[in-house]
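User: I would like to learn how to read pockets, cavities and helix packing in a model. Please take one feature at a time.

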Amino acid sequence: MSFRLVRPAALASVLALTLTGCASLPRTPYTASEAAVSHVLDVDGLRRYTDEPVSKFIPDKENPAVTETYLALSGGGADGAYGAGVLAGWTAAGTRPTFTIVSGVSTGALIAPFAFLGPQYDDTLREVYTSGIAETLLESPKIFQALFGSGLFGNARLRELIARYVGPDMLAAVAREYARGRRLLVVTTDLDTQRTAIWDMGKIAEIGSPEALNLFRDVMAASASIPLMFPPILIEAEAQGRRFQEMHVDGGVTAPVLTLPDALLFQGHALPRSRRLKIYILVNNKIERDFAVVPDGTLDVASRSIGLITKSQTRSIVFSTYEFARRNRVGFNLSYIERDYPTSNSSGFDTAYMRALYQYGYEKAATGHAWTATPP
(Lines give C-alpha, C1' and ligand atoms only; values in the text may rest on other atoms or scores of the structure.)
Protein backbone atom coordinates (compact mmCIF):
# COMPACT_ATOMS: atom_id res chain seq x y z
CA MET A 1 0.00 0.00 0.00
CA SER A 2 1.10 3.64 0.29
CA PHE A 3 0.69 6.34 2.89
CA ARG A 4 0.02 8.93 0.18
CA LEU A 5 -3.30 7.17 -0.48
CA VAL A 6 -4.69 8.22 2.89
CA ARG A 7 -6.89 11.29 3.08
CA PRO A 8 -5.21 14.22 4.88
CA ALA A 9 -8.06 14.54 7.38
CA ALA A 10 -7.76 10.86 8.24
CA LEU A 11 -3.99 11.14 8.65
CA ALA A 12 -4.47 14.13 10.92
CA SER A 13 -6.86 12.15 13.10
CA VAL A 14 -4.41 9.27 13.33
CA LEU A 15 -1.53 11.55 14.30
CA ALA A 16 -3.62 13.28 16.95
CA LEU A 17 -4.86 10.03 18.43
CA THR A 18 -1.40 8.52 18.37
CA LEU A 19 0.06 11.45 20.29
CA THR A 20 -2.56 11.10 23.02
CA GLY A 21 -1.49 7.51 23.76
CA CYS A 22 -4.59 5.47 22.95
CA ALA A 23 -5.57 2.29 24.74
CA SER A 24 -4.87 -1.08 23.13
CA LEU A 25 -6.34 -4.52 23.44
CA PRO A 26 -4.41 -7.02 25.61
CA ARG A 27 -2.43 -9.81 23.93
CA THR A 28 -1.08 -13.13 25.14
CA PRO A 29 2.58 -12.50 26.02
CA TYR A 30 5.34 -14.72 24.63
CA THR A 31 9.12 -14.62 24.63
CA ALA A 32 11.81 -14.03 22.01
CA SER A 33 12.98 -17.63 22.44
CA GLU A 34 9.45 -18.87 21.73
CA ALA A 35 9.22 -16.60 18.69
CA ALA A 36 12.47 -18.07 17.36
CA VAL A 37 11.02 -21.60 17.21
CA SER A 38 7.35 -20.88 16.60
CA HIS A 39 5.35 -22.46 13.79
CA VAL A 40 1.93 -21.93 12.26
CA LEU A 41 -0.83 -24.50 11.61
CA ASP A 42 1.41 -27.04 13.40
CA VAL A 43 3.60 -27.15 10.28
CA ASP A 44 7.25 -26.10 10.12
CA GLY A 45 8.58 -24.00 7.28
CA LEU A 46 5.48 -22.08 6.27
CA ARG A 47 7.49 -18.88 6.65
CA ARG A 48 11.09 -17.87 7.05
CA TYR A 49 12.84 -14.53 7.55
CA THR A 50 15.07 -12.53 5.22
CA ASP A 51 17.90 -12.43 7.79
CA GLU A 52 18.24 -16.23 8.06
CA PRO A 53 21.36 -18.03 6.79
CA VAL A 54 21.73 -18.34 3.04
CA SER A 55 21.49 -22.15 3.32
CA LYS A 56 17.78 -21.75 4.12
CA PHE A 57 17.17 -20.30 0.66
CA ILE A 58 19.31 -22.51 -1.58
CA PRO A 59 17.60 -25.75 -2.70
CA ASP A 60 19.34 -29.07 -2.04
CA LYS A 61 19.04 -30.09 -5.69
CA GLU A 62 19.69 -27.82 -8.62
CA ASN A 63 19.34 -28.27 -12.35
CA PRO A 64 22.08 -26.21 -14.02
CA ALA A 65 20.37 -26.65 -17.39
CA VAL A 66 17.33 -24.67 -16.23
CA THR A 67 17.28 -20.88 -15.92
CA GLU A 68 14.96 -19.84 -13.11
CA THR A 69 12.84 -16.75 -13.70
CA TYR A 70 11.97 -14.64 -10.68
CA LEU A 71 9.30 -11.91 -10.66
CA ALA A 72 9.48 -9.53 -7.66
CA LEU A 73 6.42 -7.29 -7.25
CA SER A 74 6.73 -4.18 -5.08
CA GLY A 75 4.25 -2.25 -2.99
CA GLY A 76 2.57 0.93 -4.22
CA GLY A 77 -1.15 0.97 -3.37
CA ALA A 78 -3.20 2.26 -6.31
CA ASP A 79 -0.03 2.21 -8.40
CA GLY A 80 -0.42 -1.57 -8.47
CA ALA A 81 -2.50 -0.80 -11.57
CA TYR A 82 0.83 -0.30 -13.32
CA GLY A 83 1.97 -3.83 -12.51
CA ALA A 84 -1.37 -5.31 -13.57
CA GLY A 85 -1.09 -3.47 -16.90
CA VAL A 86 2.51 -4.55 -17.46
CA LEU A 87 1.59 -8.20 -16.93
CA ALA A 88 -1.29 -8.03 -19.42
CA GLY A 89 0.80 -6.14 -21.98
CA TRP A 90 3.60 -8.65 -21.53
CA THR A 91 1.13 -11.42 -22.32
CA ALA A 92 -0.02 -9.55 -25.44
CA ALA A 93 3.59 -9.19 -26.58
CA GLY A 94 4.00 -12.98 -26.38
CA THR A 95 7.24 -12.78 -24.38
CA ARG A 96 6.00 -13.29 -20.81
CA PRO A 97 7.75 -16.25 -19.15
CA THR A 98 6.28 -18.78 -16.76
CA PHE A 99 7.93 -17.63 -13.55
CA THR A 100 9.75 -20.11 -11.37
CA ILE A 101 9.40 -17.77 -8.38
CA VAL A 102 7.02 -14.89 -7.70
CA SER A 103 7.23 -12.64 -4.65
CA GLY A 104 4.84 -9.87 -3.64
CA VAL A 105 4.81 -7.07 -1.08
CA SER A 106 1.73 -5.01 -0.13
CA THR A 107 -0.22 -4.29 -3.34
CA GLY A 108 2.30 -6.63 -4.98
CA ALA A 109 1.06 -9.34 -2.62
CA LEU A 110 -2.45 -8.85 -4.00
CA ILE A 111 -1.11 -9.21 -7.55
CA ALA A 112 1.31 -12.08 -6.86
CA PRO A 113 -1.05 -15.12 -6.82
CA PHE A 114 -2.61 -14.07 -10.14
CA ALA A 115 0.78 -13.36 -11.73
CA PHE A 116 2.00 -16.73 -10.44
CA LEU A 117 -0.91 -18.66 -11.96
CA GLY A 118 -0.46 -17.06 -15.37
CA PRO A 119 -2.08 -15.01 -18.14
CA GLN A 120 -5.51 -16.58 -17.62
CA TYR A 121 -5.81 -14.25 -14.61
CA ASP A 122 -4.96 -11.05 -16.51
CA ASP A 123 -8.64 -10.14 -16.82
CA THR A 124 -9.11 -10.67 -13.09
CA LEU A 125 -6.27 -8.28 -12.30
CA ARG A 126 -7.69 -5.72 -14.70
CA GLU A 127 -11.02 -5.95 -12.90
CA VAL A 128 -9.43 -5.54 -9.46
CA TYR A 129 -7.46 -2.45 -10.46
CA THR A 130 -9.71 -0.69 -12.99
CA SER A 131 -13.36 -1.58 -12.29
CA GLY A 132 -13.76 0.67 -9.24
CA ILE A 133 -13.68 -2.18 -6.71
CA ALA A 134 -10.45 -0.90 -5.18
CA GLU A 135 -12.00 2.52 -4.60
CA THR A 136 -14.17 1.04 -1.85
CA LEU A 137 -11.25 -0.30 0.20
CA LEU A 138 -10.89 2.76 2.41
CA GLU A 139 -13.92 2.67 4.67
CA SER A 140 -15.15 5.68 6.61
CA PRO A 141 -12.70 6.46 9.43
CA LYS A 142 -13.62 4.67 12.64
CA ILE A 143 -12.71 6.89 15.59
CA PHE A 144 -13.77 4.21 18.10
CA GLN A 145 -11.47 1.74 16.35
CA ALA A 146 -8.59 4.22 16.52
CA LEU A 147 -9.18 4.92 20.21
CA PHE A 148 -9.58 1.34 21.39
CA GLY A 149 -8.12 -0.71 18.55
CA SER A 150 -5.10 -0.42 16.30
CA GLY A 151 -6.12 1.36 13.11
CA LEU A 152 -8.31 4.21 11.87
CA PHE A 153 -9.85 2.22 9.03
CA GLY A 154 -11.33 -1.23 9.35
CA ASN A 155 -10.02 -3.95 7.06
CA ALA A 156 -13.35 -5.68 6.40
CA ARG A 157 -13.48 -4.55 2.78
CA LEU A 158 -9.90 -5.60 2.12
CA ARG A 159 -10.67 -9.02 3.54
CA GLU A 160 -13.86 -9.23 1.47
CA LEU A 161 -11.94 -8.36 -1.70
CA ILE A 162 -9.36 -11.06 -1.04
CA ALA A 163 -12.00 -13.65 -0.15
CA ARG A 164 -13.91 -12.82 -3.34
CA TYR A 165 -11.00 -13.83 -5.56
CA VAL A 166 -9.01 -16.24 -3.39
CA GLY A 167 -11.00 -19.41 -2.76
CA PRO A 168 -10.51 -23.18 -2.70
CA ASP A 169 -10.00 -23.34 -6.48
CA MET A 170 -7.13 -20.87 -6.38
CA LEU A 171 -5.64 -22.65 -3.37
CA ALA A 172 -5.69 -25.92 -5.30
CA ALA A 173 -4.15 -24.28 -8.39
CA VAL A 174 -1.30 -22.79 -6.34
CA ALA A 175 -0.73 -26.18 -4.68
CA ARG A 176 -0.44 -27.87 -8.09
CA GLU A 177 2.20 -25.39 -9.23
CA TYR A 178 4.03 -25.78 -5.93
CA ALA A 179 4.19 -29.54 -6.54
CA ARG A 180 5.87 -28.77 -9.87
CA GLY A 181 8.65 -26.90 -8.08
CA ARG A 182 7.41 -23.33 -8.50
CA ARG A 183 7.35 -20.93 -5.54
CA LEU A 184 4.93 -18.16 -4.54
CA LEU A 185 6.16 -15.87 -1.74
CA VAL A 186 4.38 -13.08 0.14
CA VAL A 187 6.14 -10.69 2.51
CA THR A 188 4.84 -9.34 5.82
CA THR A 189 6.47 -7.41 8.64
CA ASP A 190 6.43 -9.21 12.01
CA LEU A 191 6.11 -6.29 14.44
CA ASP A 192 6.88 -8.41 17.49
CA THR A 193 10.27 -9.56 16.22
CA GLN A 194 10.86 -6.59 13.88
CA ARG A 195 11.77 -9.05 11.13
CA THR A 196 10.73 -9.41 7.50
CA ALA A 197 8.72 -12.62 7.11
CA ILE A 198 8.58 -14.51 3.81
CA TRP A 199 5.55 -16.78 3.59
CA ASP A 200 5.69 -19.85 1.36
CA MET A 201 2.18 -19.62 -0.07
CA GLY A 202 2.54 -22.84 -2.08
CA LYS A 203 3.40 -24.80 1.04
CA ILE A 204 0.36 -23.27 2.76
CA ALA A 205 -1.82 -24.15 -0.24
CA GLU A 206 -0.50 -27.71 -0.22
CA ILE A 207 -2.14 -28.26 3.19
CA GLY A 208 -5.49 -27.72 1.50
CA SER A 209 -7.60 -27.32 4.64
CA PRO A 210 -10.06 -24.51 5.46
CA GLU A 211 -7.51 -23.31 8.02
CA ALA A 212 -4.87 -23.14 5.29
CA LEU A 213 -7.19 -21.08 3.09
CA ASN A 214 -7.81 -18.68 5.98
CA LEU A 215 -4.07 -18.36 6.59
CA PHE A 216 -3.44 -17.78 2.86
CA ARG A 217 -5.96 -14.92 2.92
CA ASP A 218 -4.65 -13.55 6.23
CA VAL A 219 -1.10 -13.34 4.92
CA MET A 220 -2.23 -11.43 1.83
CA ALA A 221 -4.27 -9.05 4.00
CA ALA A 222 -1.39 -8.57 6.45
CA SER A 223 1.02 -7.69 3.65
CA ALA A 224 -1.32 -4.88 2.55
CA SER A 225 -2.21 -3.53 6.03
CA ILE A 226 -0.59 -0.12 6.58
CA PRO A 227 0.19 0.45 10.27
CA LEU A 228 -2.07 3.03 11.99
CA MET A 229 -4.38 3.06 8.99
CA PHE A 230 -5.47 -0.59 9.07
CA PRO A 231 -5.52 -3.05 11.96
CA PRO A 232 -2.66 -5.56 11.97
CA ILE A 233 -3.39 -9.20 11.28
CA LEU A 234 -2.88 -11.50 14.27
CA ILE A 235 -1.73 -14.94 13.16
CA GLU A 236 -2.05 -17.95 15.45
CA ALA A 237 1.28 -19.60 16.25
CA GLU A 238 2.64 -22.24 18.64
CA ALA A 239 5.96 -22.85 20.35
CA GLN A 240 7.05 -25.10 23.19
CA GLY A 241 3.49 -26.17 23.87
CA ARG A 242 2.15 -22.60 24.14
CA ARG A 243 -0.17 -20.85 21.70
CA PHE A 244 -0.09 -17.12 21.01
CA GLN A 245 -0.63 -14.64 18.19
CA GLU A 246 2.04 -12.99 16.06
CA MET A 247 1.33 -9.43 14.88
CA HIS A 248 1.90 -8.92 11.14
CA VAL A 249 1.52 -5.74 9.07
CA ASP A 250 2.43 -4.32 5.67
CA GLY A 251 5.52 -5.99 4.27
CA GLY A 252 6.57 -2.63 2.85
CA VAL A 253 7.46 -1.40 6.34
CA THR A 254 10.71 -3.36 6.14
CA ALA A 255 10.96 -4.44 2.50
CA PRO A 256 9.18 -2.39 -0.22
CA VAL A 257 10.19 -5.14 -2.65
CA LEU A 258 11.71 -8.58 -2.03
CA THR A 259 14.43 -9.65 -4.42
CA LEU A 260 17.01 -11.73 -2.51
CA PRO A 261 17.60 -12.64 1.15
CA ASP A 262 19.91 -10.41 3.21
CA ALA A 263 22.77 -12.93 3.19
CA LEU A 264 23.00 -12.62 -0.59
CA LEU A 265 22.07 -8.98 -1.00
CA PHE A 266 23.98 -7.32 1.82
CA GLN A 267 26.40 -9.81 3.39
CA GLY A 268 28.55 -10.69 0.39
CA HIS A 269 27.50 -14.32 -0.10
CA ALA A 270 27.61 -15.55 -3.69
CA LEU A 271 25.08 -17.57 -5.62
CA PRO A 272 26.23 -21.15 -6.38
CA ARG A 273 27.94 -21.20 -9.77
CA SER A 274 25.50 -23.83 -11.02
CA ARG A 275 22.50 -21.60 -10.29
CA ARG A 276 21.11 -19.78 -13.33
CA LEU A 277 18.72 -16.99 -12.44
CA LYS A 278 16.96 -14.14 -14.24
CA ILE A 279 15.30 -11.49 -12.04
CA TYR A 280 12.44 -9.21 -13.09
CA ILE A 281 11.75 -6.41 -10.56
CA LEU A 282 8.37 -4.79 -11.18
CA VAL A 283 8.17 -1.61 -9.11
CA ASN A 284 4.63 -0.27 -8.71
CA ASN A 285 5.95 3.19 -8.03
CA LYS A 286 8.39 5.84 -9.16
CA ILE A 287 11.97 5.32 -8.03
CA GLU A 288 13.68 8.32 -9.62
CA ARG A 289 13.95 11.50 -7.58
CA ASP A 290 11.47 14.17 -8.57
CA PHE A 291 11.29 17.86 -7.75
CA ALA A 292 8.29 19.48 -6.05
CA VAL A 293 7.85 22.59 -3.90
CA VAL A 294 6.43 21.07 -0.71
CA PRO A 295 3.82 23.19 1.15
CA ASP A 296 4.99 24.18 4.62
CA GLY A 297 2.43 22.13 6.52
CA THR A 298 2.73 19.20 8.91
CA LEU A 299 0.79 16.73 6.78
CA ASP A 300 2.48 17.72 3.52
CA VAL A 301 5.93 17.41 5.08
CA ALA A 302 5.04 14.06 6.68
CA SER A 303 3.60 12.66 3.43
CA ARG A 304 6.61 13.78 1.37
CA SER A 305 9.03 12.42 3.97
CA ILE A 306 7.37 9.01 4.19
CA GLY A 307 7.28 8.77 0.42
CA LEU A 308 10.99 9.58 0.30
CA ILE A 309 11.78 6.87 2.86
CA THR A 310 9.98 4.28 0.71
CA LYS A 311 11.66 5.52 -2.47
CA SER A 312 15.10 5.42 -0.83
CA GLN A 313 14.53 1.90 0.48
CA THR A 314 13.39 0.76 -2.95
CA ARG A 315 16.38 2.35 -4.68
CA SER A 316 18.74 0.70 -2.20
CA ILE A 317 17.29 -2.75 -2.88
CA VAL A 318 17.23 -2.22 -6.65
CA PHE A 319 20.85 -1.04 -6.81
CA SER A 320 22.04 -3.77 -4.42
CA THR A 321 20.28 -6.39 -6.54
CA TYR A 322 21.82 -4.94 -9.69
CA GLU A 323 25.33 -5.13 -8.21
CA PHE A 324 24.69 -8.69 -7.02
CA ALA A 325 23.44 -9.62 -10.48
CA ARG A 326 26.60 -8.23 -12.10
CA ARG A 327 28.87 -10.19 -9.74
CA ASN A 328 26.97 -13.45 -10.11
CA ARG A 329 26.03 -13.43 -13.81
CA VAL A 330 22.34 -13.09 -12.96
CA GLY A 331 19.97 -11.60 -15.52
CA PHE A 332 18.66 -8.23 -14.27
CA ASN A 333 15.45 -6.60 -15.52
CA LEU A 334 13.66 -3.60 -14.02
CA SER A 335 10.33 -1.91 -14.70
CA TYR A 336 8.96 1.16 -12.94
CA ILE A 337 6.75 4.22 -13.42
CA GLU A 338 8.71 6.94 -15.19
CA ARG A 339 9.43 10.15 -13.31
CA ASP A 340 7.37 12.33 -15.69
CA TYR A 341 4.18 10.24 -15.41
CA PRO A 342 1.42 12.44 -13.86
CA THR A 343 0.79 11.82 -10.16
CA SER A 344 -2.79 11.41 -8.97
CA ASN A 345 -4.20 14.46 -7.18
CA SER A 346 -7.01 12.41 -5.65
CA SER A 347 -7.00 10.61 -2.33
CA GLY A 348 -7.71 6.92 -2.06
CA PHE A 349 -7.89 4.49 -4.98
CA ASP A 350 -8.99 6.83 -7.75
CA THR A 351 -10.48 4.69 -10.53
CA ALA A 352 -9.76 7.08 -13.41
CA TYR A 353 -6.12 7.37 -12.38
CA MET A 354 -5.79 3.60 -12.02
CA ARG A 355 -7.34 2.95 -15.44
CA ALA A 356 -4.93 5.37 -17.09
CA LEU A 357 -1.96 3.89 -15.22
CA TYR A 358 -3.03 0.34 -16.17
CA GLN A 359 -3.12 1.36 -19.84
CA TYR A 360 0.28 3.05 -19.51
CA GLY A 361 1.80 -0.15 -18.14
CA TYR A 362 0.01 -2.26 -20.75
CA GLU A 363 1.29 -0.20 -23.67
CA LYS A 364 4.87 -0.14 -22.36
CA ALA A 365 4.94 -3.93 -22.07
CA ALA A 366 3.02 -4.67 -25.27
CA THR A 367 5.47 -2.57 -27.29
CA GLY A 368 8.53 -4.04 -25.57
CA HIS A 369 9.48 -0.92 -23.61
CA ALA A 370 8.60 -1.97 -20.04
CA TRP A 371 11.96 -3.44 -19.04
CA THR A 372 15.45 -2.02 -18.67
CA ALA A 373 18.67 -3.89 -17.87
CA THR A 374 20.11 -1.10 -15.71
CA PRO A 375 18.79 1.02 -12.82
CA PRO A 376 18.00 4.70 -13.48
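Analyst: This is a predicted model. Start with a lining, sorted by residue class: around the second largest pocket there are 21 nonpolar, 8 polar and 16 charged residues.

User: What is the volume of the second largest pocket, and which residues are the closest to its centre?

Analyst: The volume is about 1200 Å³. Of the 45 lining residues, Arg48, Lys56, Phe57, Ile58 and Arg183 are the closest to the centre.

User: Which elements give two or more residues to that lining?

Analyst: They are helix H2 (32-36) and the strands S1 (47-49), S2 (67-73), S4 (183-190), S5 (195-200) and S8 (276-282). S5 provides the largest share, with 4 residues.

User: Now the enclosed spaces. How many cavities of 30 Å³ or more does the structure hold?

Analyst: A cavity differs from a pocket because a probe that fits inside a cavity cannot get out. The structure holds 3 cavities of 30 Å³ or more, and the volume of the largest is about 90 Å³.

User: What lines the largest cavity, and how does that lining divide by class?

Analyst: Its lining consists of Leu110, Ile111, Phe114, Leu125, Val128, Tyr129, Leu161, Ile162, Tyr165, Val166 and Met220. By class that is 11 nonpolar residues, with no polar and no charged ones. At least two lining residues come from each of H4 (107-117), H5 (122-130) and H7 (156-165).

User: H5 also packs against H3. At what angle do the two helices pack, and how should I read the value?

Analyst: Helix H3 (residues 80-93) and H5 pack at about 155 degrees, and their axes are 9 Å apart. H3 is therefore roughly antiparallel to H5, since angles over 145 degrees count that way. The crossing is left-handed.

User: Which residues make the contact between H3 and H5?

Analyst: H3 contributes Gly80, Ala81, Ala84, Leu87, Ala88 and Thr91, while H5 contributes Asp122, Leu125 and Tyr129. This contact has 6 nonpolar, 2 polar and 1 charged residues. Leu125 and Tyr129 appear in the lining of the largest cavity as well.

User: How do H3 and H13 pack, and is their crossing left-handed or right-handed?

Analyst: H3 and helix H13 (residues 351-366) pack at about 35 degrees, with axes 6 Å apart. Their crossing is right-handed. Among the contact residues are Ala81, Gly85, Ala88, Gly89 and Trp90 of H3, and Leu357, Tyr358, Gly361 and Lys364 of H13. By class, the contact has 15 nonpolar, 3 polar and 1 charged residues.

Terms used
Residues are numbered from 1 along each chain as its sequence is written. This is a predicted model: local features need pLDDT of at least 70, side-chain atom pairs count only at pLDDT 80 or more; totals for chains, interfaces and linings use all residues. Side-chain values use heavy atoms; hydrogens and water are left out. On a 1 Å grid over the protein atoms alone, a cavity is a set of points where a 1.4 Å probe fits but cannot get out, and a pocket is an open set with protein on both sides within 12 Å along at least five of seven lines; lining residues have an atom within 4 Å of a point. Grid points are joined across faces, edges and corners, and a volume is the space filled by probe spheres set on the points. Ala, Val, Leu, Ile, Met, Phe, Trp, Tyr, Cys and Pro count as nonpolar, Asp, Glu, Lys and Arg as charged, and the others, Gly among them, as polar. Axes are lines fitted to C-alpha atoms, for helices over the stretch in contact, and angles run from 0 to 180 degrees between N-to-C directions. Angles under 35 degrees count as roughly parallel, over 145 as roughly antiparallel, 65 to 115 as roughly perpendicular and the rest as oblique. A crossing is left-handed if the near helix is turned anticlockwise from the far one by less than a right angle, and right-handed if clockwise. Contact means heavy atoms within 4.5 Å.
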